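Visitor: Good morning. Could you take me through this structure step by step?
Guide: Certainly; please have it in view as we talk.

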Amino acid sequence: MFYSVIYQSKAQPDFNLKKIELMLLKAKRKNKRLKISGCIVYCNNRFIQLIQGSKADIQQLYSEIRSDNRHRQVTTLLEQSSEHKIWSDWSMALLDFSGDSKQIMYSRILLESYLGNVNQNEKNSEAFKVFRSSVDSLLRESEPYTVG
Ligand SMILES: Cc1cc2nc3c(=O)[nH]c(=O)nc-3n(C[C@H](O)[C@H](O)[C@H](O)COP(=O)(O)O)c2cc1C
């Protein structure tokens with residue numbers, strides 16, 4: 001059994017893409033060590049992140065993430081046990097929707113392929129549904145910047 005958390009938050013103004021990428025380099029190493037996987041979407045200065053791993057590790061990491069002052073307004077969208085991990089091979093995939101229209105179009109294609117390459121059991125899971133619908137609403141709310 002695994003444990004899943006999905007949250008949404010708002011990046012602090014000075015926490016830009018360069019700094020996010022640097023932070024993720026370190027985060028990926030730690031996630032790999034703890035067998036934590038997931039995906040983080042960055043759009044309109046907001047994050048939606050899915051983290052999945054053992055219950056103890058996810059609860060510990062989530063409490064660290066919540067108290068991280070590089071973002072604020074951390075809102076839990078889902079927190080529950082899951083039978084599987086959705087993208088078990090990824091220590092943390094970043095989908096960046098903060099760039100120009102070419103970059104956004106590229107991220108949209110990546111997102112579609114990430115969502116498409118999930119098996120049917122996972123597609124039926126609460127974590128998958130909540131992740132997909134919250135990312136959809138974030139992208140929709142952020143239009144016209146993200147129409148690609
Ligand atoms: C939006 C956001 C997402 C983060 N995601 C992760 C993550 O997936 N894994 C991780 O180890 N740290 C992540 N962090 C960093 C943690 O808040 C924390 O700084 C880190 O886990 C501490 O690592 P340490 O044990 O090496 O001190 C994230 C921080 C922010 C602001």
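The conversation below takes up the ligand shell, the nonpolar core, one helix and one residue.

Guide: Please keep in mind that this is a predicted model.

Visitor: Which residues come nearest to the ligand?
Guide: Ala-27, Lys-30, Ile-65, Asp-68 and Arg-70 do, out of 14 residues around the ligand.

Visitor: And which elements give two or more residues to that shell?
Guide: They are helix H1 (17-34), strand S3 (46-53) and helix H2 (55-66). H1 gives the most, with 4 residues.

Visitor: How do the residues of the shell divide into nonpolar, polar and charged?
Guide: The shell around the ligand has 7 nonpolar, 3 polar and 4 charged residues.

Visitor: Let us change topic. How many residues has the largest nonpolar core?
Guide: That core has 24 residues. Ile-6, Val-41, Leu-50, Phe-97, Ala-127 and Phe-131 have the most contacts inside it.

Visitor: Which elements supply at least two residues of this core?
Guide: Strand S1 (2-11), strand S2 (37-43), S3 and helix H5 (126-141) each do so. The largest share, 6 residues, comes from S1.

Visitor: You mentioned Val-41. What does it touch?
Guide: Leaving aside residues up to four places away in sequence, Val-41 touches Phe-47, Ile-48, Leu-95, Phe-97, Val-135 and Leu-138.

Visitor: Now to H5. Which of its residues are buried?
Guide: Ala-127, Phe-128, Phe-131, Val-135 and Leu-139 are buried in H5. They lie on the same side of the helix, because they cover an arc of only 100 degrees around the axis of H5.

Visitor: Is there a general reason why such a pattern can arise? What is it?
Guide: An α-helix has 3.6 residues a turn, so residues three or four places apart point the same way.

Visitor: What is exposed on the other side of H5?
Guide: Glu-126, Lys-129, Ser-133, Asp-136, Ser-137, Arg-140 and Glu-141 are exposed there.

Visitor: And what covers the buried residues of H5?
Guide: The covering includes S1, S2, S3, strand S4 (71-82) and helix H4 (120-123).

Visitor: One last residue, Ile-20. Where is its place?
Guide: Ile-20 is in helix H1.

Visitor: Why does Ile-20 count as partly exposed?
Guide: Ile-20 has 19 other C-beta atoms within 10 Å, whereas a buried residue needs 20 or more and an exposed one has 12 or fewer.

Visitor: What does Ile-20 touch?
Guide: Ile-20 touches Phe-15 and Tyr-42, not counting residues up to four places away in sequence. Ile-20 and Leu-94, 74 residues apart in sequence, are 9.5 Å apart in space from C-alpha to C-alpha.

Technical notes:
Residues are numbered from 1 along each chain as its sequence is written. This is a predicted model: local features need pLDDT of at least 70, side-chain atom pairs count only at pLDDT 80 or more; totals for chains, interfaces and linings use all residues. A residue is near a molecule or strand if its C-beta atom, placed from the backbone, lies within 6 Å of it. Ala, Val, Leu, Ile, Met, Phe, Trp, Tyr, Cys and Pro count as nonpolar, Asp, Glu, Lys and Arg as charged, and the others, Gly among them, as polar. A nonpolar core is a set of buried Ala, Val, Leu, Ile, Met, Phe, Trp, Tyr and Cys residues joined through C-beta atoms within 7 Å. Two residues are in contact if their C-beta atoms, placed from the backbone, lie within 7 Å. The arc is that of the directions from the helix axis to the C-beta atoms.
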